[in-house]
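New to this one? Take a moment with the sequence and the 3D view, and then we'll walk through a few of its features together.

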Amino acid sequence: MLVITFLSFLILFLFIGLASYFSSQKTTEDYLLAGRSISPALVGLSAIATNNSGFMFIGMIGMTYTSGLSAIWLALGWILGDFIANFIAVKKIQIIGHQKNIQSYGELLASWQGKNFKKIRVLAGFLTLIFLVVYAAAQLKAGSKATETMLDWSASSGIVISAMIILAYSFVGGLRASIWTDVAQSIVMISGMLLLLWVGTHHFGGITNTLAKLQLVSETYMNWFSGTYFEWLLFFSGWVFGGLGVLGQPHIVIRFMTLDKVENVNKMRLYYYFWFLIAFLATIGVGLLTRLAIPESAGFDAELALPTMANQLLPEFLVGMVLAAMFAATMSTADSLILACSAAITKDLLPHKKFNLITTKLITLSILVCATLMALSNNDTVFTLVLYAWGILSSAFVPLILIYAFNKPITEKLALMMIISGPIGYLFWKHSDNSALIYAVALGVMSGLLVYFIGQFQIKRIKHD
């Protein structure tokens with residue numbers, strides 16, 4: 001029954017993706033941008049499913065299992081940073097994308113101010129390709145953790161199955177298929193988490209008894225704050241910058257450009273943040289429950305806490321649903337990453353070449369193969385891989401997007417220096433303190449902004465002299 005339920009959901013996602021073919025306009029632009037005609041509900045649900053995937057349902061639960069209630073500040077900081085970024089830039093991104101017929105993230109950065117920054121476009125395309133392939137590999141790997149635990153499949157089996165499903169519907173419908181399946185996957189993801197939260201709380205004697213048992217895990221497990229208030233402030237601020245990094249993620253920003261009308265931006269935000277908040281709170285709740293279901297032991301992989309608890313508490317039919325939810329979470333991001341890489345190659349790295357629809361699809365296939373091979377060979381944790389790719393892209397692009405959003409003038413040379421200095425700042429911090437990856441995002445973003453202000457000061461000084 002477990003396998004049947006799991007495969008049934010995968011077949012459902014596949015058919016939804018394939019059905020997008022009948023709404024496709026059979027053009028390269030439609031393949032990469034879904035005709036810029038997507039409703040606010042679909043954009044909101046798709047963007048949030050893409051934003052929060054294996055990171056939330058594997059990495060986040062693993063962190064909550066280990067750290068306890070204080071992990072909630074990760075979620076709240078992330079949401080706050082994401083909201084600030086959305087409020088500052090998303091409406092402008094949607095307007096510019098439609099007005100200038102932009103089809104890739106690199107093109108957005110290169111032509112935002114009405115100029116043609118060719119070097120910016122190529123550099124953005126290169127960074128997008130390199131780090132989103134790593135990101136996609138992390139998502140494929142996250143899905144394999146679920147099937148490995150629940151179905152006793154090899155890790156490679158889950159990775160290959162996920163890649164084959166993504167290939168099938170992405171090859172047929174492109175970004176439209178990705179968005180349609182994201183919405184279906186969003187519903188299954190949130191339903192699975194809420195179901196497990198309800199069943200787990202009931203299993204441990206209701207809310208009051210569950211909270212009492214959690215207090216007994218350790219003296220600090222249910223503390224709101226971990227460490228001193230200064231340490232908490234650093235932790236929270238770091239994750240605010242992590243959420244702000246959404247502006248540096250090509251696969252998410254592109255989704256905002258598919259929105260049909262700028263008047264619908266606020267509606268899109270309503271769907272986006274309602275799902276965001278509910279999903280993160282449910283994730284924290286389930287993460288806490290996993291500690292009761294699976295007492296800490298040496299050698300246990302915390303990233304397997306969710307599937308392990310589901311196996312213990314749910315009947316096989318519902319375990320299949322939870323497994324499908326976890327698998328869906330990873331696929332909803334992986335397909336978007338692969339398509340963003342396709343756009344980077346066809347529109348940014350080789351902008352002067354004309355790629356027809358078939359060639360674009362073949363490029364998609366090649367990128368997916370690379371991500372799959374990387375997932376099969378890489379042993380890093382999902383949490384680390386996602387943070388690494390997210391951090392580099394955030395540090396490189398968020399400072400420039402912010403400068404654009406506030407209508408500040410900039411030269412191509414200064415923009416290039418910002419894009420390069422951000423990742424340098426990120427890597428410097430990461431290698432000086434490997435336990436504080438997210439703080440490196442903050443330092444990387446601030447490094448890029450500092451370069452801008454220093455550059456502007458020098459320009460004004462030269463003009464004055």
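How are α9 and α12 oriented to each other? A quick note before the reply: what you're looking at is a predicted model. In it, the axes of these two helices come within 10 Å and cross at roughly 70°. An angle of 65 to 115 degrees counts as roughly perpendicular, so α9 and α12 are roughly perpendicular to each other. The crossing of α9 past α12 is left-handed. Where they meet, α9 brings Thr210, Lys213 and Leu214, while α12 offers Leu288, Leu289 and Leu292.

Here are some helices to look for:

| Helix | Residues |
|---|---|
| α3 | 40-51 |
| α9 | 206-215 |
| α12 | 265-293 |
| α14 | 316-349 |

Next up is α3. From first C-alpha to last, its 12 residues reach 16 Å, close to the 16 Å expected at 1.5 Å a residue. This helix is mostly covered, with 10 of its 12 residues buried. Among the buried ones are Gly44, Ala47, Ile48 and Asn51.

Those four names come up again around Tyr272. Leaving aside neighbours within four places in sequence, Tyr272 is in contact with Gly44, Ala47, Ile48 and Asn51, and also with Asp82, Asn86, Val246 and Phe256.

Tyr272 has a place in the bigger picture too. The largest nonpolar core has 168 residues, and Tyr272 is one of those with the most contacts inside it, along with Leu108, Leu109, Leu247, Trp275 and Phe397. Helix α14 gives the most to this core, at 19 residues.

Terms used: Residues are numbered from 1 along each chain as its sequence is written. This is a predicted model: local features need pLDDT of at least 70, side-chain atom pairs count only at pLDDT 80 or more; totals for chains, interfaces and linings use all residues. Side-chain values use heavy atoms; hydrogens and water are left out. Helices (H or I, at least four residues) and strands (E, at least two) are DSSP runs, numbered from the N terminus. The expected span of a helix is 1.5 Å times one less than its number of residues. Buried means under 20% relative accessible area, exposed over 50%, partly exposed in between (1.4 Å probe, protein chains only). A nonpolar core is a set of buried Ala, Val, Leu, Ile, Met, Phe, Trp, Tyr and Cys residues joined through side-chain atoms within 4.5 Å. Contact means heavy atoms within 4.5 Å. Axes are lines fitted to C-alpha atoms, for helices over the stretch in contact, and angles run from 0 to 180 degrees between N-to-C directions. Angles under 35 degrees count as roughly parallel, over 145 as roughly antiparallel, 65 to 115 as roughly perpendicular and the rest as oblique. A crossing is left-handed if the near helix is turned anticlockwise from the far one by less than a right angle, and right-handed if clockwise.
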